Amino acid sequence: MPTPTAALPSLARSELAAAVNAELAAIPFIDVHTHLFMPSLGKLGLWGIDELLTYHYLAAELFRSNPIAPDEYWRLSKRDQADLIWRSLFVENTPVSEATRGVTAVLEAFGLRADAADLREARQFFAAQEPVAYIPKVFELAGISEVVMTNDPLDPLEAPIWERGAAPDSQFHAVLRLDRILNKWPEHWPALASKGYAVDAHCTGSSTGEVRRFLSDWQARMRPVYMAVSLPDTFQFPDDGVRSRLLAEAVLPACRSFNIPLSLMIGVRYQVNPALRLAGDAVGRADLSALERLAAGYPENRFLVSVLSRENQHELCVYARKFSNLMPFGCWWFLNNPSIVEEITRERLEMLGTSFIPQHSDARVLEQVIYKWRNTRRTLGPILTNTYGLLVEDGRAVTRTEIRRDITRLFRSNFEQFRGAKAH
Ligand code: HDL
Ligand code: ZN
């Protein structure tokens with residue numbers, strides 16, 4: 001963190017861009033939603049060129065530029081998948097999409113050729129990296145100080161590591177992810193029952209109380225900074241289903257007692273093309289009146305909210321103006337493209353000032369934070385410069401100190417305050 005300095009003189013309009021870009025570059029951001037894993041979670045953590053190239057965003061793009069059938073692709077080794085994606089999307093075609101250009105930006109950040117005919121040089125470089133020393137280097141290149149993970153207490157690979165005791169890491173914050181419980185109760189209640197929680201198929205009797213006990217056990221184990229769930233475009237609240245009951249009787253009371261927010265990521269149309277596996281999800285416009293009823297009905301709860309449909313963004317801003325227990329965050333997934341990030345960020349600044357969290361990376365592979373945060377800074381620079389320029393034009397001078405304060409609020413302190421008491 002740059003050392004605070006006394007208020008600096010007001011900036012001329014012509015000085016704004018340099019000041020904004022310098023402060024964006026100098027302030028380390030908090031990445032409030034990723035799928036990265038702290039080193040003590042072992043092989044769950046993905047990094048290196050083969051993982052970068054087989055990212056599900058690029059697999060989806062491969063099938064548009066190469067005749068291979070998905071089933072045949074999935075039968076290839078990861079190395080062969082990466083070679084095929086490199087050849088199809090980076091050699092035989094120009095890597096102009098957001099996800100392909102991102103890989104070239106990572107290679108460039110490490111001084112590697114982004115126009116190589118094959119992956120020999122890249123594989124040699126990444127194979128020589130030692131994760132514990134490498135992670136700080138990647139975070140420094142990305143301009144982030146810490147990331148928030150996605151941790152699934154019912155994941156058969158991840159849960160046992162936590163149950164054995166995973167060493168915490170101050171740069172990786174845990175999150176209690178609830179999709180299996182809230183969205184797929186019929187499939188997953190037996191896993192809870194097998195661990196001694198008295199739950200049943202229809203979530204009756206002691207079930208919601210026992211889910212609350214489960215959440216309490218995992219809060220003690222993980223010390224999560226928030227709980228999270230991805231929700232379909234059809235999400236309704238309340239309804240007469242199990243999810244509403246679990247939210248009302250277990251999850252929301254647990255968040256209140258732990259003083260942590262609930263993150264709602266709304267608008268997924270799951271597996272519209274199952275053959276693409278993780279790349280098979282799409283987007284749908286959600287009915288955000290469900291969010292209105294949650295924010296109004298549970299004023300003691302705090303909700304981090306990201307919506308997947310571009311068409312839901314403006315109404316999310318309106319709801320955030322009505323309910324201060326809503327915190328819009330990020331330009332999620334299919335929205336994390338400069339053309340849409342610009343539209344979303346400008347309407348948020350226009351309607352919310354600096355009281356929102358502009359971005360998260362959603363990184364699944366460690367080095368992705370390098371390009372995702374480079375892109376955010378590159379997109380945010382002109383937007384903030386224009387915003388301050390309008391203010392100067394309308395008669396209010398702006399200082400470097402104020403720009404530093406605002407960017408710190410957007411990318412650090414909004415989250416730090418909204419997450420509540422520091423994890424013990
Ligand atoms: O549910 C989520 O957290 C989403 O971000 C999904 O993981 C999605 O597949 C993704 O990676 N989006 O970027
Ligand atoms: Zn995600």
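The questions and answers below set values computed from a predicted model against the definitions behind them.

In this predicted model, local features need pLDDT of at least 70 and side-chain atom pairs count only at pLDDT 80 or more, whereas totals for chains, interfaces and linings use all residues. Residues are numbered from 1 along each chain as its sequence is written, ligands are numbered from 1 in the order in which they are written, and side-chain values use heavy atoms, with hydrogens and water left out.

Q: What makes H33, H35, H56, Y57, R177, S230, M265, W332, W333, D362 and R364 the surroundings of ligand 1?
A: A residue is near a molecule if one of its heavy atoms lies within 4 Å of it, and these residues, which surround ligand 1, are therefore counted on that basis.

Q: Why is the approach of Y57 to ligand 1 called a polar contact?
A: The term requires a pair of N or O atoms within 3.5 Å; an N or O atom in the side chain of Y57 is 2.4 Å from an oxygen atom of ligand 1, so the pair qualifies. For R364 the corresponding distance to a ligand oxygen is 2.6 Å, and for a polar side-chain atom of H35 it is 3.1 Å.

Q: Why is the pairing of E393 and R13 called a salt bridge?
A: A salt bridge needs a side-chain nitrogen of Lys or Arg within 4 Å of a carboxyl oxygen of Asp or Glu; the N to O distance between R13 and E393 is 2.4 Å, so the pair meets the definition. The two residues are 380 residues apart, with E393 in helix α17 (residues 368–393) and R13 in the segment before α1 (16–26); helices here are DSSP runs (H or I, at least four residues), numbered from the N terminus.

Q: What makes C203 stand out in its backbone?
A: Phi of C203 is near 55 degrees, a positive value in a residue other than glycine.

Note on methods: Polar contact = N/O pair within 3.5 Å; in protein donor to acceptor, adjacent residues only side chain to side chain.
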